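Me: I'm new to this structure and would like a close look at one part of it. Could you walk me through the place where two of the chains meet, starting with the charged pair there?

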Amino acid sequence: MSIDDATTAANDRLADRDDMIVCVDVDKFYGDFQALKGVTATIKEGEVAVVCGPSGSGKSTWIRCINRLEVHQGGDIVVDGIELTNDLRNIEKIRSEVGMVFQQFNLFPHLTVLDNITLAPIWVRKKPRAEAEGMARALLDRVGIPEQAEKFPGQLSGGQQQRVAIARSLAMEPRVMLFDEPTSALDPEMIKEVLDVMKELARSGITMMVVTHEMGFAREVADRIMFMEGGEIVEVGTPEHFFTNPTEDRTKLFLSQIL
Amino acid sequence: MASTAPASTHHERPPLYRDVTVVKWVVQIIALLLTLGALWFLANQAGDNLKASNVPTDYDFLSVNPGIDLSSGIDTDPDTGGRALWVGMVNTLRMAIAGILVATVIGVLIGLSRLSNNWLLKKLGTVFVETLRNVPLLVQILFYGAVFASLDRVSLDVGPVNGWFHVSNKGLSMPRVHIADGFYQWMIVIGIGLFAANLLRKRRIAQQDLSGEETYPILSAFGLVVIFGALGWFIHPIFGFVGNIFDGLSSVVSAVPEGALQILVALLSVGTSVYWIRGFLNSRRTPAGLAKLTDDDYFRMIFAGVGGVLGAVFFLVLWPGLSSWMINSGSDLFEVLGNKFGNGRSGRPVDVALPDIVQVGKFPNYGPSGLNFSIGFAAVFFGVVFYTSAFIAEIVRGGILAVPKGQTEAAAALGLRRSTALRRVIIPQAARVMLPPLGNQYLNLTKNTSLAIAVGYSDIVQVGQTVYNQTGKTLPVVSIWMFFYLSCSLSISVIVNFFNVRMRIVER
Amino acid sequence: MQDANQVSASEEFQRGLEEGQGSPHEAPSLPVGQWLRKNLFSNWANGILTLLGALAAVVALRGVLNFVFSENRQWDAVRTNLRALMTLSYPESQYIRVWVALGFVVGLAGLSAGIWANWGGVSVRRISTWLMGTGALLALCVIVREPSVILGSDGKVIRTVDGSLRRESFMDAMADRSTWWLAAVLLLAVGAALWSRFSDPARRRIEVSVTSVVFVGLGLAILSLWIAPYGHYAYISATKSYVAESGRTVAFSTKMPWTVMLILLSGFFFVGRFFQRGRYLGLVKGSSNVLWLISPLTLFWVVLRDPALDYGHVISTDLPMGLAFGLLGGALLWGLTRSDIGEAGRITATVLLVFAVFNWVAAFFGWYPMLQKARISFLLLALAALLAPNFIGEVAKRRQLVLGWVGVTALVHYLATMINTPSTVELQSTEFLGGLGLTLFVALIVVLLSFPLGVLLALGRTSKFPIFRMLSTSYIEVIRGVPLISVLIFFSVMVPLFLPDGMELAELAAVLTGYTLFSAAYLAENVRGGLQSITKGQYEAADAIGLTSAQRTGFIVLPQALTVSIPQLVGQVISTFKETSLLAIIGLFDFLRVANSVIPAQSEFMGVKREGILLVAMIYFFFNFTISKYSQRLERRVGLGER
Ligand SMILES: Nc1ncnc2c1ncn2[C@@H]1O[C@H](COP(=O)(O)OP(=O)(O)OP(=O)(O)O)[C@@H](O)[C@H]1O
Ligand SMILES: [Mg+2]
């Protein structure tokens, strides 16, 4: 089964969907070090794509290029039909359309949970405060911590903080959610509560791109798994293909180490 | 896969006002131009106003007799404005260096006493620090000044050690050690001695590492320097030929054609920018060829290029006097050096003069032969020393507290003796924390000596003020102040940085 | 924490930071003998150090006491000149204005203390140790001070044959100081009684609130004004001199006002307390902050100067102009915050900005006349228009902007009118206000003005934009490399030269400008420290949720950076205050100048310097020590000291 076959298999289910994220030949340099070497991939609307690979393979770099936390130097990135260029207006649009969840949560420690969530809706989306707060409470309910609204991030557990971070991103009503190793900084017992929220999200039909080493999660909800190494996408396939008979040796090696 | 790739592979540039890079650089360049414009405008305005009020801003006063007397310094009756300012600078530096040394000693002692487990010492240290750092320095200086001014009048037999040491309302007088005829040649001998001593030290250390025997590298190096010093005391006149070399250099420099130097400077400006751009491009080169340059990178390079060319134009067209100035001052410098090292100087390198009290008119006063500290000096000195030492004490305390307790315990667990642990473990780490703020305090002390103006001690600010009151040339004087203090700041931060780097090596 | 039951958001935040850090635990108390051995005589070396230290302390104390109480000291010079030290030559008939201004500040301080106060408590045992310590120190002072000089029947000192002064015997001296003995013993007794009453473990931790201790202390101090005659002074306006005059004491003339001040302080403290739990907390906090910002200007230029308003001019010009700017500007801003405004908003704002800046350029060259008020208003309006896109959305938010604009306009126009109107107060010197009043005013203004400038410089120095970085860095480093006095001289002498024809700047204004520019460079370095402590993740998170860089800076970066740098900022405030003393050198009459030059020049007190300078030192010490102690408390509470 080749890469193309796997893509076709995934595309069967999502065949009639529009493209959400399109990357063509994306290059990224840090000084003289090339972190991304011609990354090409397409993610459909509503798809859940899991990116995995060894440390330093460029997963974070890629995902951060997609909402322009890093600037790519070669190739094109198009998100929901908006091309990522130097255009200020496009950057603004992308940022409010793409949510991102970080490994270190990056909540704002000086704001309450509620203020963390309502900040962007009020000041970027220009929503009335009452409406924003109502939505924030609903989101907190959805991620399972409705009672923590008035607390400060420092008073929450890691898992709770990460769920607040998810709610904060969702509050912008994004079309795409990016997750960069959302569970890596968590204690094992907290990982599950975050993954549960993510699974629920995945089922709700939002487009998701997830960098993670949680293979159980990948197997359960991913539409496709992409394996990266050395700044390149080495192998792409459905979970079934990926876990049962990967074609590339490097993938096999990686899987044998991680599973 | 290829089927899903978007058709658009060409990049459409967004309109300029929405392009991130363009906006970013345009904003910066506008800010730069506005700043330069404002400065240019103000300078112009000042120039016009000065011209209108008939006070030209030139530096002629530096070579004209200012007709002022200074209260203290190496030359209390300077014959040019430049000389007067020079005396002021020396006074400032003298105060700053002495102040830094004494303040450090007192500050370290007080800081340690605040850490001691003796309750009384701790409290006394706290009272010292809190009192001194919460009262403005100027208030302290004025207070000391007022107290000293109420001391006994100076008289022919004022003590405490008549003929050697005098204290009175005119200040302090004590024996003076001063540079004499053969000093510079002697310094050459000592320089050679230092060089040799360094070689000896390294060899001794190598020996010690090989054999394991104690070879006293520092001690023997020090001994060698002393031997050279003693020897040089007698043989220094043979180095008089150095003066001839400097004389020769002086005439060589004055023979350099002006035009060539001008072009050289301009080329240097262009060359620097070319060099920078090449270095920049090299830093962007990858094994796989040149990395893709961002728009920012292009802007940077354009900026460097334009800067270099502008510099060249500036030197060639707008400032043609530069090269003749460089040549003149260079040859003057070598001429002065030639004099100092001149052949035929054979006296003692260093001499001592005892203080005396003379009565010229109605009132007795200290004569010029001793080392005299006016009450102005004493007031400023005590002021800056105590004030700064309070801050140094806090830095020392903070630095030592910043070393985790585990370090002391670990050192003890390794069986290091307490003194070794202090020297090898605690102090290197504390010093790393302490050095930057300490450097800041030294800088503050140097700047604070300018308060001397309040008690009439002739530091650079006070002398400068007297000079511009006489000549009306405020702007040039202020520019000299700025230049002087900025050089002091720069030297202190260079020194502190040097030690900081060394500390890091020690730590490793 | 006596008001632990009132939980406001910011306190929660602070408690969040405080978590995991228990209250500082008290060392178990030892019997006196053991305590001495452990802390003073643990070994030989320590014992010797203790003895040396004690000797040094006694010698120093004796020196200070002999200096202060020496028969040569002329404290009359200070007592007589107290008013000059405070306000220089502010006319006595108008003095009520000074008290009103002070009362306003005191009331505001009380209000803020009430709102913010959560100063915690101090254990009764701590208080008892203070009392005993003070008592012991007092007793020590009484003993070590040398016996007084005996005065002859003519009131002059008596000299012995060898020229030294005749002093009373040691026992006589001790007997003479019986009042002081009594006070020392009383303090010791009260302290000891408290100590033993609160020594069992159950009561050891009992605390009283710091605020009540402060109030009791202030109350006692003011009570003493009613009882103790602290001295006498009078200003003879005919001869323009100050002389000692028996009968009219300082206490007599100030006990009433100070009592009123105490009442104001405590009254507003309780008002603040009341609002601390109410739902108007945000409103009261906001308005007290605004009052702090504008009160120095208003008190200085309106209350103390008492401008003589020309109502004809006010009605014909000032009022209509203010109304026009307030209403038309408000309407414009209302329009600019419509949700369908689009690019038109930015374009309007830019045009306004260009126009406003052009007005200033034109003013510089004198191209066309325009009221300064109008120029300032246009500039403010342009800035408000630039901010407008942030307020697009619901009506409440738009109203916020418009009301804010109207408020600012009203204030600016009011102040500008008042400042432009000549004063009715008749002044005896060129300076409008001098002494401590001037010192405080300069310190306040410089701190207020240098704050925004310093923050901007710090942002510039840490910015991603290389040219901004270069400009800010070179500015900061150059300023920090030169002494303040040279900057002040430069500004007081040179500024007139930089101005175009016909434009003038009072010396005070020039000096304020220079000092502000100087102070801003230092402030920038302190803020930069805070900025560097913000992690990259905070920036990225703010970018990822789509905040603009201004919003990111204002909502995320600065609040955190400023919180972190509070200790350094307080330190900066203290140095600014200390360095106002340099005004004395460049010829302004601050209270150091009064002590150092004005008093010694009076014929009654020829050359009397040391007393005045000592008083000035004490006043500076009092302010700075209080601020730094308060800041340390704050630091501990916010948990910053732990870093
Ligand atoms: N700011 C940077 N400057 C220079 N090199 C960088 C930078 N960020 C990342 N890199 C390099 O780029 C490569 C890819 O980094 P990236 O963070 O994308 O890896 P990753 O796949 O996310 O690894 P991990 O699983 O450890 O998070 C690494 O070799 C890293 O060293
Ligand atoms: Mg990563």
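Reply: Sure, let's start with that pair: Lys629(C) and Glu130(B) join their side chains in a salt bridge, at 3.9 Å from N to O. Keep in mind that this is a predicted model. Across the interface of chain B and chain C, the rule finds 1 salt bridge, along with 9 residue pairs in polar contact.

Several helices of chain B each bring at least two residues to the side that touches chain C, among them H1 (20-52), H3 (119-133) and H4 (137-149). H1(B) gives the most, with 15 residues. Sort that side of chain B by class and you get 37 nonpolar, 14 polar and 5 charged residues.

Now step back to the whole interface. Here 56 residues of chain B are in contact with 59 residues of chain C, and the two chains bury about 4700 Å² between them, 75% of it on carbon and sulfur atoms. Gln28(B), Asn134(B) and Phe143(B) supply 12% of the area that chain B buries against chain C, more than any other three residues.

Back to charges: the structure holds 29 salt bridges over all chains. One of them, within chain B, pairs the side chains of Asp297(B) and Arg300(B) at 3.8 Å, N to O. Both sit in helix H9 of chain B, 3 residues apart, about one turn of the helix. Asp297(B) is buried, with a relative accessible area of 4%, whereas Arg300(B) is partly exposed at 26%.

Terms used
Residues numbered from 1 in each chain as written. Chains lettered and ligands numbered in written order. Predicted model: local features only at pLDDT ≥ 70, side-chain atom pairs only at ≥ 80, totals over all residues. Heavy atoms only, no water. Contact = heavy atoms within 4.5 Å. Buried area = accessible area lost by both parts, 1.4 Å probe. Salt bridge = Lys/Arg side-chain N within 4 Å of Asp/Glu carboxyl O. Polar contact = N/O pair within 3.5 Å; in protein donor to acceptor, adjacent residues only side chain to side chain. Helix = DSSP H or I, 4+ residues; strand = E, 2+ residues; numbered from the N terminus. Nonpolar A, V, L, I, M, F, W, Y, C, P; charged D, E, K, R; others polar. Buried < 20%, exposed > 50% of the residue type's maximum accessible area, 1.4 Å probe, protein only.
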